[in-house]
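Student: I am new to this structure and would like a close look at a single part of it. Could you take me through one helix and its surroundings, and then connect that to the rest?

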Amino acid sequence: LIQTRDVDVCGDAEILPFASGSFTVILTQETLEHIRDPKSALAEMHRVLHERGVLYCQVPFIIGYHPGPTDFERWTREGIIELLRRAGFACEEVGISVGPATGCYRIAVEFWAVLLSCIWPGLYLPVKGLVALLLSPLKLLDPLMIRSSQADRIAGGYYVVARKICPKTHPSMS
């Protein structure tokens, strides 16, 4: 671990170093896909959230493999809702955080970078950078495409605003 004066706490998402009910809001953005057991991490988030606390969760759907150092999962709209429901959260708002044009862009960049690196071995990263630059105007289509009823088919990712459900107020959670 690298520690700096800008970091107050460093810990494992599956075993959070905080007391139960410590937070009123938790923000997790594009991290659950990097956690070996996101169910355990969400159980810990539920534990450390104050009663009726809020979770903002953002996850990828259409994106290439990106280890940092690991990369395990992707979620559909229904998938992230169900994952959070099973972890004891009530989803209050769900939406597309990364649009379908960006989802397409992400895959196209990886496709061309991998393909062209077959021709020019060792040039994956430079080719990826060049292709990313050339295809970046595709992302400008997101505001148009996000209005489609079919946008979920290739959305880049989703966000969810969810509230902690407490067993005391919801007997079905016990």
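Tutor: Of the 174 residues of the protein, 36% count as buried, and this is a predicted model, which should be kept in mind throughout. The protein has five helices and four strands, which follow the pattern β-α-β-α-β-α-α-α-β when read along the sequence. Its C-alpha trace spans about 60 × 45 × 25 Å along the principal axes, and the protein exposes about 10,500 Å², of which carbon and sulfur atoms supply 62%. Among the contacts with a separation of 6 or more, 76% are accounted for by residues 24 or more positions apart.

The part to look at closely is helix α2, which covers residues 77-86 and in which I80, L83 and L84 are buried. Seen down the axis of α2, these buried residues fall within an arc of 95°, so they line one face of the helix. The general background is that an α-helix has 3.6 residues a turn, so residues three or four places apart point the same way. On the face of α2 turned away from the buried side you will find the exposed residues E78 and R86. The buried residues of α2 pack against α1 (38-48), β2 (49-60), β3 (89-98) and β4 (157-164). Just after α2 comes G88, which takes a positive phi of about 95°.

Two of those packing partners, β2 and β4, also lead to the aromatic residues, since a search of the whole structure finds four aromatic pairs. In one of them, the rings of Y56 and Y159 have their centres 6.1 Å apart and their planes at 15°, and because planes under 30 degrees apart count as stacked, this pair is stacked. Y56 lies in strand β2 and Y159 in strand β4, so the pair ties together parts that are 103 residues apart in sequence. The two rings belong to residues with separate labels: Y56, at 23% relative accessibility, counts as partly exposed, whereas Y159, with a relative accessible area of 18%, is buried. The reason is the cut-off, because buried means under 20% relative accessible area.

Another aromatic pair is formed by F111 and W112, and it is edge-to-face, with 5.1 Å from centre to centre and 90° between the planes. F111 counts as partly exposed at 47% relative accessibility, and W112 counts as partly exposed at 39%. Together with L115, these residues make a nonpolar surface patch of about 290 Å². L115 lies in helix α3, which runs over residues 100-119, and at 35% relative accessibility L115 counts as partly exposed.

To return to the surroundings of α2, consider the stretch where α1 (38-48) gives way to β2 (49-60), both of which pack against the buried residues of α2. G21, found in the segment before β1 (23-29), is in contact with R47, V48, L49 and H50, leaving aside its neighbours within four places in sequence. The C-alpha atoms of G21 and H50 are separated by 3.8 Å, although these residues are 29 residues apart along the chain. G21 counts as partly exposed, at 26% relative accessibility.

How values were computed:
Residues numbered from 1 in each chain as written. Predicted model: local features only at pLDDT ≥ 70, side-chain atom pairs only at ≥ 80, totals over all residues. Heavy atoms only, no water. Patch = residues over 30% accessible without salt bridge, like charges linked within 9 Å, V, L, I, M, F, W, Y side chains within 5 Å. Areas by Shrake-Rupley, 256 points an atom, 1.4 Å probe, with all protein chains shown as cover. Salt bridge = Lys/Arg side-chain N within 4 Å of Asp/Glu carboxyl O. Helix = DSSP H or I, 4+ residues; strand = E, 2+ residues; numbered from the N terminus. Buried < 20%, exposed > 50% of the residue type's maximum accessible area, 1.4 Å probe, protein only. Arc of directions from axis to C-beta. Contact = heavy atoms within 4.5 Å. Phe/Tyr/Trp six-rings, centres within 6.5 Å; stacked < 30°, edge-to-face > 60°.
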